[in-house]
Structures are given as C-alpha cells and as structure tokens.
Amino acid sequence: MGFEYGEISKIAFARNSKFDATLKLYIANGGFEAYRKALKMSPDEVINEVKKSGLRGRGGACFPTGLKWSFMPKSNDVPKYLCVNGDESEPGSFKDRQIFEFNPFQLIEGILIAGYAMGIRTTYIYIRGEYHKWINLMQKALDVAYERGFVGPKMKETFGSDYWLDIYIHKGAGAYICGEETALMNSIEGYRGYPRFKPPFPAQRGLWGYPTTINNVETITAVPQIIKMGGDEYAKIGAPKHPGTLLFGVSGHINKPGVYELPTGTPLKEILYEHCGGIWKNKALKAVIPGGSSMPPLTAEEAEQANMDEESLQKFGTHIGTGGIIVMDEDTDIVKVTYRIAHFYHHESCGQCTPCREGCGWMEKMLKRIYEGDATTKDLDLLYSVASNIEGNTICALGDAAAWPVKGFLTKFRSEFEARVKPSREFVPKNIVHGKRRSAQLLLENRT
Ligand SMILES: Cc1cc2nc3c(=O)[nH]c(=O)nc-3n(C[C@H](O)[C@H](O)[C@H](O)COP(=O)(O)O)c2cc1C
Ligand code: SF4
C-alpha cells in the first residue's frame with residue numbers, strides 16, 4: 001500500500017520517526033488488512049465473526065466479546081462510544097502496557113474494526129495515571145496514525161470508505177476503581193470515579209447517557225487476528241471454551257518474570273518451569289495467584305495440575321482474571337500477603353457502599369491483629385464471615401475482589417493463620433476485665 005514519506009513535514013517526521021517506522025513495519029506485516037477485510041463485510045457479519053471466535057474479555061470478567069458488541073443498538077441516530085480500558089491497576093497485572101509500547105497499531109486497528117462493527121465514531125483509550133511513559137508512547141503512535149490517515153477523517157481516503165472515527169487518550173488519575181467500567185465512564189465525564197448501579201448497562205446508557213461498549217486493551221488488540229484468520233480458525237486455538245492466546249504477566253519469586261503470550265489452557269506448570277525458568281533460588285513453590293491480586297490462590301499442589309483457562313481454574317475455586325500470575329516461594333508469609341492485599345483493597349474502596357467501605361477496613365484490622373499475634377481462633381471465623389458478607393452485596397465487583405483472596409488464603413492456608421493466633425482471649429486487657437467485674441459486683445449489690 002502507498003506510504004510516501006514526502007507527505008509530512010520534516011519536523012513532524014523527526015518527532016514521530018520511530019513510530020513511522022513501527023507503522024511501516026506493521027503494514028509490511030499485513031497491518032490494516034483485517035480492517036480492509038472487515039470493510040467488505042457488513043457490521044453484523046463482523047460481530048458474528050467475533051462471536052464465532054469465542055473471544056472472551058481479557059479485563060478480568062471473561063465476558064464473551066461478540067455478545068457484548070451485539071448489545072449495542074443498531075441505530076446510528078445517537079452518538080455511540082467505545083472505551084478501551086487500559087487502567088490496569090490490579091496488582092500483578094502489567095500486560096496492557098506492553099501493547100501500548102510494542103503493538104500500538106494493532107490496538108488501533110482493533111478499534112477501527114470494533115468501531116465499524118458497532119457504528120461508533122468516538123473512542124476513548126483510558127490509561128492508568130501513573131503510566132506516564134505509556135501514555136506518551138501511545139499518544140505518539142496515535143499522532144502518527146492520524147498524520148498517515150489511519151485514524152480520523154483522512155481514513156476515508158486511505159481506505160476508500162465513508163466510515164471514519166476519532167480516538168482520544170484519556171489519562172486517569174491513578175485510582176484502581178476507575179478501571180471498573182462505570183467508574184471509568186464517570187472519570188471520563190469529569191466526575192469522581194464512583195461506580196454506577198447496573199442496570200442500566202453501558203450499552204443502554206453509558207458515556208453522557210449514550211450507548212457505550214467498554215473493552216480491555218488486550219481484548220480489542222485480539223480482534224484484527226480474528227478477522228484475518230476467521231472466527232472458526234481462531235476458536236481452535238487454546239482451550240475450547242476460552243479460546244485464543246493470553247498475555248500472562250508473571251511476577252514474584254520466579255527466575256524469569258515477564259509477559260508471555262501463550263494459548264489459553266497452557267499448563268501453569270509449563271509456564272512456571274519451562275517458560276519462566278522455575279522458582280527462584282531453587283526454592284519450593286508455596287502458592288500462586290493466577291489472575292491478579294483479586295483472585296483466590298492456588299496451593300503448590302493445585303498449581304501442578306491447573307491449566308490457565310477460566311474453566312480449568314474454576315475447578316480449583318479461582319479464575320483467570322487478568323492473567324497476572326503472582327508466584328510465592330516456600331518462605332512466603334501467607335498471613336502477611338493476605339494482610340497486604342487487604343490493605344490495598346481497603347485503600348482503593350471508593351466508599352459508596354457500606355459492606356465494602358466498612359468491611360474492607362474491618363478485614364484489614366483483623367488481619368493486622370492476626371499478623372501481630374494479637375488475635376484468637378474466633379477471629380479467623382469472624383474474618384471469614386466479614387468477607388462473606390461483603391461478597392455479592394456491593395455496587396461493583398471491588399467488594400468481591402477484596403473478599404475473594406481473603407477467603408481463599410484463609411481456606412487453603414488455614415494452618416498458617418492458626419499458627420499465628422491464640423486459642424482464647426486470656427490476654428484481654430486488664431481494664432476491661434476490671435470493668436466487667438465491677439459491673440457484675442454492682443449488679444449483685446442491687447439485687448440484694
Ligand atoms: C475494581 C475494578 C477494577 C477493574 N479494572 C480494570 C482494568 O484496569 N482494566 C480492564 O480492562 N478491566 C478492569 N475491570 C473490569 C471492567 O469493569 C470491565 O469488565 C472490562 O474492562 C471489560 O472489558 P473486557 O470485556 O474486554 O474484559 C475492573 C473491574 C473492577 C470491579
Ligand atoms: S464495592 Fe466498594 S468500590 Fe465498589 S462501589 Fe461499593 S464501595 Fe465503591
């Protein structure tokens with residue numbers, strides 16, 4: 001395809017030359033061919049292809065992408081929006097930033113295809129506030145795509161079609177809650193990042209009250225490949241019910257941490273020992289969190305058997321989440337890990353609903369007591385009960401995200417918690433004991 005360097009000014013060329021080269025490379029490797037193919041299909045055919053591929057959201061909830069797209073109203077009378085979620089604030093998740101850095105044009109092509117399929121004219125890429133480097137890189141790639149006519153009104157000329165769309169990058173302010181899709185929309189609108197009640201769902205009433213689809217960066221980036229190879233072929237990759245490849249971000253006590261693209265259903269054992277070179281310092285494995293800090297853990301024995309797809313992980317009481325694999329060796333203090341995770345969720349709770357606002361703080365306090373050896377066996381049951389009362393009783397899933405790891409660690413590593421607590425409260429502070437004695441005495445005196 002035509003790619004004339006003479007078209008742009010020397011200044012713009014110098015500023016964006018690195019991204020010009022990346023774009024050129026992307027095109028040389030078949031970039032934007034999938035979008036050209038999509039343009040020859042009807043929007044519904046594109047959605048059906050994504051449905052056939054079995055693609056499920058890579059942002060954590062695993063929702064079928066084609067189905068989500070089909071919820072968008074067909075009419076083009078009102079504005080419709082696409083929000084690409086790159087907030088990526090979950091501890092243990094660091095894969096979307098790799099796409100901003102190394103494959104920005106595939107993300108842009110995915111946005112064009114999604115936009116065409118849903119009749120969307122405006123897309124926001126929402127990027128985590130602390131990701132200064134990646135906001136910068138993505139903005140430069142986007143500038144080049146605009147200059148070169150791959151985004152914006154010039155698309156009409158480039159692709160010979162009437163359809164075009166705008167893409168804006170929106171920088172978050174560094175709140176985990178703004179990754180939740182309805183809080184993300186509030187944040188883009190300029191309001192505090194408070195999650196909204198659902199229903200209405202974003203496809204009914206989203207950004208500024210108009211139909212909106214929210215998808216993760218990795219989800220959208222997978223779309224060009226699906227259109228290129230066809231949904232049926234894509235569905236053959238990886239686990240049948242959760243097909244495709246996943247970007248696994250591996251961190252913690254591992255020899256070769258990093259982001260690895262592998263088919264879904266890859267055995268966790270293979271990821272840890274073959275791709276990532278095994279547990280560091282030749283130590284034994286104690287636990288693995290398979291999908292970001294909000295997911296319940298796997299024990300070492302479970303990690304030996306688990307495959308990395310949603311259905312396989314469900315058998316072990318956990319989920320694929322964001323595919324952020326956190327590895328813990330034999331010396332890890334599980335109580336401390338649970339306390340640290342609880343601290344994070346307490347800090348990030350937006351405070352709108354009581355079970356999450358109060359419960360997350362309560363869990364953190366109890367875990368601190370357990371960690372410091374100032375709790376009893378009864379507190380372990382209370383902790384489990386508080387977590388259970390948060391789960392499923394909140395406006396958004398941050399409540400679940402806080403409760404699941406606590407319940408998971410407490411259940412699967414109960415002995416580590418029991419070793420830290422005392423059987424009964426024989427160490428109750430003196431003043432309370434004294435106070436109780438005195439009131440009992442007064443009661444007796446009154447009776448006589
Ligand atoms: C507290 C919280 C934080 C979230 N953070 C992110 C995030 O950083 N990135 C993301 O893609 N999804 C995040 N999600 C999930 C989104 O709400 C939404 O399900 C997702 O962006 C949809 O995209 P997908 O269908 O492509 O996965 C978060 C959810 C919750 C409850
Ligand atoms: S669950 Fe927590 S973060 Fe979500 S809306 Fe309620 S208080 Fe806010």
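Here are short questions and answers about a predicted model.

Residues are numbered from 1 along each chain as its sequence is written, with chains lettered from A and ligands numbered from 1 in the order in which they are written. Local features need pLDDT of at least 70 and side-chain atom pairs count only at pLDDT 80 or more, while totals for chains, interfaces and linings use all residues.

Visitor: What is the mean pLDDT of the chain?
Guide: pLDDT is the predictor's confidence in each residue, from 0 to 100. In this chain, 92% of the residues reach 70 or more. The mean is 94.

Visitor: Over which residues does pLDDT stay under 50?
Guide: Where pLDDT is low, the predicted coordinates should not be read in detail. The stretch in question has eight contacts beyond four places in sequence; a contact means C-beta atoms, placed from the backbone, within 7 Å. The stretch is residues 1-13.

Visitor: Which helix gives the largest share of the largest nonpolar core?
Guide: Such a core is a set of buried Ala, Val, Leu, Ile, Met, Phe, Trp, Tyr and Cys residues joined through C-beta atoms within 7 Å. This one has 118 residues, and C83, I113, V288, M363 and A402 touch the most other members. Ten residues come from one helix (a DSSP run of H or I, at least four residues, numbered from the N terminus). That helix is α6, residues 104-118.

Visitor: Is S17 buried or exposed?
Guide: A residue is buried if 20 or more other C-beta atoms lie within 10 Å of its own, exposed if 12 or fewer, and partly exposed in between. S17 sits in helix α1, residues 10-28. Because S17 has 12 other C-beta atoms within 10 Å, S17 is exposed.

Visitor: Which are the edge strands of the five-strand open sheet?
Guide: Strands are DSSP runs of E, at least two residues, and two of them pair if DSSP finds at least two bridges between them. The order is β8-β7-β11-β9-β10, with mixed pairing. Each edge strand pairs on one side only. They are β8 (258-263) and β10 (298-299).

Visitor: What is the bridge partner of L285 in β11?
Guide: Strand β9 (residues 285-289) and strand β11 (residues 324-329) run antiparallel. Four bridges join them. The partner of L285 is D329.

Visitor: How many Å separate the centres of domain 2 and domain 3?
Guide: Domain 2 spans 240-327 and domain 3 spans 334-418, with bounds from an automatic or database domain assignment. Nine residues of domain 2 are in contact with ten of domain 3. Taken over C-alpha atoms, the centres are separated by 23 Å.

Technical notes:
Contact = placed C-beta atoms within 7 Å.
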